[in-house]
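Welcome, and thanks for taking a look at this one with me. Below are some numbered points to read alongside the sequence and the 3D view.

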Amino acid sequence: MSEPHDFLADCRARLAFDLLSHTWNAVALWALRHGPRRPGELREQIGGISSKVLTETLRRLEYNGLVTRRSYPGSPPHVEYALTALGRTLLPPIEAFGAWAFTHGDEVLAAQDRAKAS
């Protein structure tokens with residue numbers, strides 16, 4: 001049972017929900033689960049995300065300590081993003097949420113269709 005103060009603006013549960021509420025955060029974290037990727041590889045793997053939004057997402061994840069950015073000199077220079085140890089701790093919850101969506105997605109879509117019809 002939750003206490004009345006469990007979801008105050010500065011509580012840690014809200015921090016976690018905020019991390020996963022951004023549309024692309026969980027997707028980018030999941031895309032990095034097999035190792036470092038360059039932004040172009042991530043964009044191709046994810047699909048449907050613009051370069052600008054991917055950059056914003058990766059910066060937000062880096063700011064929160066979930067990914068690292070590594071620059072490589074050369075011609076041309078390039079960068080790679082990888083999960084941190086902290087970022088890896090989010091993979092099981094993301095996987096569980098994905099499994100829930102796979103199991104219950106049709107029910108959610110049906111509820112949306114009912115709401116649109118009424």
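1. A word on naming before we start: helices (H or I, at least four residues) and strands (E, at least two) are DSSP runs, and they are numbered from the N terminus. With that in hand, Gly87 can be placed in helix α5. Please keep in mind throughout that this is a predicted model.

2. Let us stay with Gly87 for a moment. Is Gly87 buried or exposed? Gly87 counts as buried because its relative accessibility is 0%, and buried means under 20% relative accessible area. Setting aside residues up to four places away in sequence, Gly87 touches Gly65 and Leu66. For a sense of distance, Gly87 and Ala117 are 30 residues apart in sequence, and their C-alpha atoms are 41 Å apart in space.

3. Thr84 belongs to the loop between β2 (78-83) and α5 (85-88). Thr84 is buried too, with a relative accessible area of 16%. Which residues does Thr84 contact, leaving aside its neighbours within four places in sequence? They are Gly65, Leu66, Val67 and Thr68. Gly65 and Leu66 may look familiar, as Gly87 touches them as well.

4. Now for the nonpolar interior. The largest nonpolar core has 20 residues, and those with the most contacts inside it are Leu29, Leu32, Leu42, Ile46 and Val67. Two or more residues come from each of α2 (25-31), α3 (39-46), α4 (51-63), β2 and α6. Which element gives the most to this core? That is α2, with four residues. As general background, nonpolar side chains in soluble globular proteins tend to be buried together.

5. Leu42 is a good residue to click on, being one of those with the most contacts inside the core. Not counting residues up to four places away in sequence, Leu42 touches Ala31, Leu32, Arg37, Leu54 and Leu58. Leu32 is itself among the residues with the most contacts in that core.

6. Gln45 sits in helix α3, and is partly exposed, with a relative accessible area of 40%. Beyond its neighbours within four places in sequence, Gln45 is in contact with Ala31 and Arg37. Leu42 touches Ala31 and Arg37 too. How far apart are Gln45 and Thr84 in space? From C-alpha to C-alpha the distance is 20 Å, with their places 39 residues apart in sequence.

7. Helix α4 is where you will find Thr57. Thr57 counts as buried, since its relative accessibility is 0%. Its contacts, not counting residues up to four places away in sequence, are Trp24, Asn25, Ala28 and Ile49.

8. Charged side chains come next. How many salt bridges are there? The count comes to one: Glu56 pairs with Lys52, and the closest N and O atoms are 3.0 Å apart. Being four residues apart in helix α4, Glu56 and Lys52 are separated by about one helical turn. Glu56 is partly exposed at 36% relative accessibility, whereas Lys52 is exposed at 58%. In general, side chains of opposite charge can pair when their charged atoms come close.

9. Please also check the backbone at Pro76. The peptide bond from Ser75 to Pro76 is cis, with omega near -5 degrees. Pro76 is placed in the loop between β1 (67-72) and β2.

10. The structure holds one aromatic pair. Phe97 and Trp100 form this pair, which is stacked, at 6.0 Å centre to centre with 15 degrees between the planes. Why does the pair count as stacked? The angle is 15 degrees, and planes under 30 degrees apart count as stacked. Phe97 and Trp100 are three residues apart in helix α6, so about one helical turn separates them.

11. Those two rings also appear at the surface. Phe97 lies in helix α6 (residues 91-117) and is exposed, with a relative accessible area of 60%. Trp100 counts as partly exposed, at 44% relative accessibility. Together with Val108, Phe97 and Trp100 form a nonpolar patch on the surface, with about 330 Å² of accessible area together.

Definitions and conventions
Residues numbered from 1 in each chain as written. Predicted model: local features only at pLDDT ≥ 70, side-chain atom pairs only at ≥ 80, totals over all residues. Heavy atoms only, no water. Patch = residues over 30% accessible without salt bridge, like charges linked within 9 Å, V, L, I, M, F, W, Y side chains within 5 Å. Areas by Shrake-Rupley, 256 points an atom, 1.4 Å probe, with all protein chains shown as cover. Salt bridge = Lys/Arg side-chain N within 4 Å of Asp/Glu carboxyl O. Buried < 20%, exposed > 50% of the residue type's maximum accessible area, 1.4 Å probe, protein only. Contact = heavy atoms within 4.5 Å. Phe/Tyr/Trp six-rings, centres within 6.5 Å; stacked < 30°, edge-to-face > 60°. Core = buried A, V, L, I, M, F, W, Y, C linked by side-chain atoms within 4.5 Å.
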